[in-house]
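Good morning, colleagues. Thank you for making time for this short presentation. Please look at the sequence and the structure on the screen before I begin.

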2 protein chains.
Amino acid sequence: MVDRLASYPRPLVTELEDSTPSLVTRLFLCGRGRDRMSEDERLALDDAMDYRRTVEPRQIIVHRDELVNVSTYLISGYICRYMDDREGHRQLVAVHVPGDFVDLHAFPMKRLDHDVATLGVAEIGIFQHDTLAALGRDRPHLMRMLWYSTLLDSAMHREWIFRLGRLGALGRVAHFFCEIDARLAMIGQADDHRFSLPLTQADLAEATGLTGVHVNRTLRRLREEGLMSFRNGEVEIHDIARLGRVGEFEPNYLYGDPVAA
Amino acid sequence: MVDRLASYPRPLVTELEDSTPSLVTRLFLCGRGRDRMSEDERLALDDAMDYRRTVEPRQIIVHRDELVNVSTYLISGYICRYMDDREGHRQLVAVHVPGDFVDLHAFPMKRLDHDVATLGVAEIGIFQHDTLAALGRDRPHLMRMLWYSTLLDSAMHREWIFRLGRLGALGRVAHFFCEIDARLAMIGQADDHRFSLPLTQADLAEATGLTGVHVNRTLRRLREEGLMSFRNGEVEIHDIARLGRVGEFEPNYLYGDPVAA
DNA sequence: CGGCTTGTTGACCTAATTCAACCACGGTGG
DNA sequence: CCACCGTGGTTGAATTAGGTCAACAAGCCG
């Protein structure tokens, strides 16, 4: 039942070539353990998707505390998760890129402790929890891969705790962009450390625990020091090595596949 | 395996009564969904434990990046998880109380992105991943309960992100103690909001993203305002309602069982 | 055109850090 | 027994990172 197909490390770019590249879920765990899923499991997961739909920017997909019996897989676009304080100030707790199973944790939990919303336009796939439960009865290993994917979120949460607890403003912003860059790279969407990210400076503030004003000043510093620029949703990282040092970015928490030299 | 009849000291209140109160894992998910586990599943989980051992205070149990094939269940005492920044400053990412499956995420992940260490003396139970995998083949629902327990950690991580991102020093410390209090209450170990917690002020600083000095001043304020006191590892919460308001503590993220009125 | 959102900058303020000194306590060794 | 030391806690004074408030500019859209 386990690892029916022996797959060996390949260069990252080829890694993106799935044997069945037309799968809707082809980016799931891409670059971070997808090769541990058998062909059979990939097909089974893809089959389990109920339907797909497109969601406009800034729409709430799941409200906190609402009971849910489906989970959302992100096909394209960006989704975020956030919580509010008493006065309604937001704290982002996650940003999702294509290939992420955004709220798979709703499957065992049945309700969420936070909201889920799109950033730009997003295309999502819906999975019924009943279908997933059935999948789990027949395929314990696939179930463990799904479990694993929720634990990657957990690892990112921990890194966000670290970011907020131990880094200053410059480090926090740098770390944030390093993470997004690394995750996009794993799915082949960070071409030469450039990508678009439909966030405002206010959003960035909500992710990094700063104010909008201070994010603005921090971005200016990063720009002036030649590290990176972020203008109307377009990111260009000019010196990824230095940016990583500023953000104390150590990507092992992303559990990426060993990259071929 | 473990002698189920050799029960352990059991100072638990009545609401905690399990049908088999002598189980080593009797506190697992206690107060937060344990009733969704069948009698059969409880026994199976308890049987799956390989052995138990006692660990001295301030000992590292698992090092980051080390490959592991066992996971640790906390029977009694406290355990924390933390990460270090470049200069070696720690950031706590979790504090564990009895009944927590501390590093169950190592089962699907195989290595951890952080260290795991005891705070005071702790008694732990060891589970082989092979045994857990076998358990999963036969019992998909139990596996989902284990999955669920790792997601509770995830929810706490999110709340820690919120705490660091949106609260000031007073709120952060208040929130921290509210969480520990609530979790201990769920396992019957927060008698009238008093409990001991083997932390130093420096540890508290590492959990709340503050400096030791500032934690000291913050604790003084909490004491002076009659909210709570924390002295040599002894916590006394005098006004839980007000403390909760100060820390913007909303315990639904702990997914506790609905408390009878 | 006017009204909205997002970004930008300056002046001022405050929360938290840093640095430093000092105290209380529980060992441990002479 | 006490002197000594290390750890953890406490406090004050000086410093700084970041927040707050406010004004204004740039783009976008009805």
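I shall speak about how the two protein chains meet, and then about the surroundings of DNA strand C.

A word of caution at the outset: this is a predicted model.

Let me begin with the relation between the copies. In general, two copies of a chain are related by a rotation about an axis and a shift along it. Here, a turn of 180° and a shift of 0.0 Å along the axis lay chain A on chain B with an RMSD of 0.0 Å. That is the relation of a two-fold axis. Moreover, 100% of the interface residues of chain A are interface residues in chain B as well, so the copies meet through the same surface.

How many residues of chain A are in contact with chain B? There are 55 residues of chain A, and they are in contact with 55 residues of chain B. The area buried between the two chains is about 4700 Å², and carbon and sulfur atoms give 62% of that area. On the side of chain A, the residues that lose the most area to chain B are W147(A), R158(A) and R166(A), together 18% of what that side buries.

I turn to the polar side of this interface. The rule finds 27 residue pairs in polar contact across the interface of chain A and chain B, and it finds two salt bridges there. In a salt bridge, the side chain of D113(A) meets that of R158(B), at 2.8 Å from N to O.

Which element supplies the largest share of the side of chain A that touches chain B? The answer is α5(A), with 20 residues. By class, that side of chain A divides into 25 nonpolar, twelve polar and 18 charged residues.

Finally, the DNA. There are 15 residues around DNA strand C, and those that come nearest are Q201(A), R231(A), A169(B), H214(B) and R217(B). Of the atoms of DNA strand C that come within 4 Å of the protein, sugar and phosphate account for 68%.

Some individual approaches deserve mention. R217(A) has a polar side-chain atom 3.2 Å from a base nitrogen of DNA strand C. In chain B, an N or O atom in the side chain of R217(B) is 2.9 Å from a base oxygen of that strand. R220(A), by contrast, places a polar side-chain atom 3.2 Å from a phosphate oxygen of the strand.

As for elements, α8(A) gives the most to the surface near DNA strand C, with four residues. That surface has four nonpolar, seven polar and four charged residues.

Thank you for your attention.

Definitions and conventions: Residues numbered from 1 in each chain as written. Chains lettered and ligands numbered in written order. Predicted model: local features only at pLDDT ≥ 70, side-chain atom pairs only at ≥ 80, totals over all residues. Heavy atoms only, no water. Least-squares fit on C-alpha atoms with pLDDT ≥ 70 in both. Contact = heavy atoms within 4.5 Å. Buried area = accessible area lost by both parts, 1.4 Å probe. Salt bridge = Lys/Arg side-chain N within 4 Å of Asp/Glu carboxyl O. Polar contact = N/O pair within 3.5 Å; in protein donor to acceptor, adjacent residues only side chain to side chain. Helix = DSSP H or I, 4+ residues; strand = E, 2+ residues; numbered from the N terminus. Nonpolar A, V, L, I, M, F, W, Y, C, P; charged D, E, K, R; others polar. Near = heavy atom within 4 Å.
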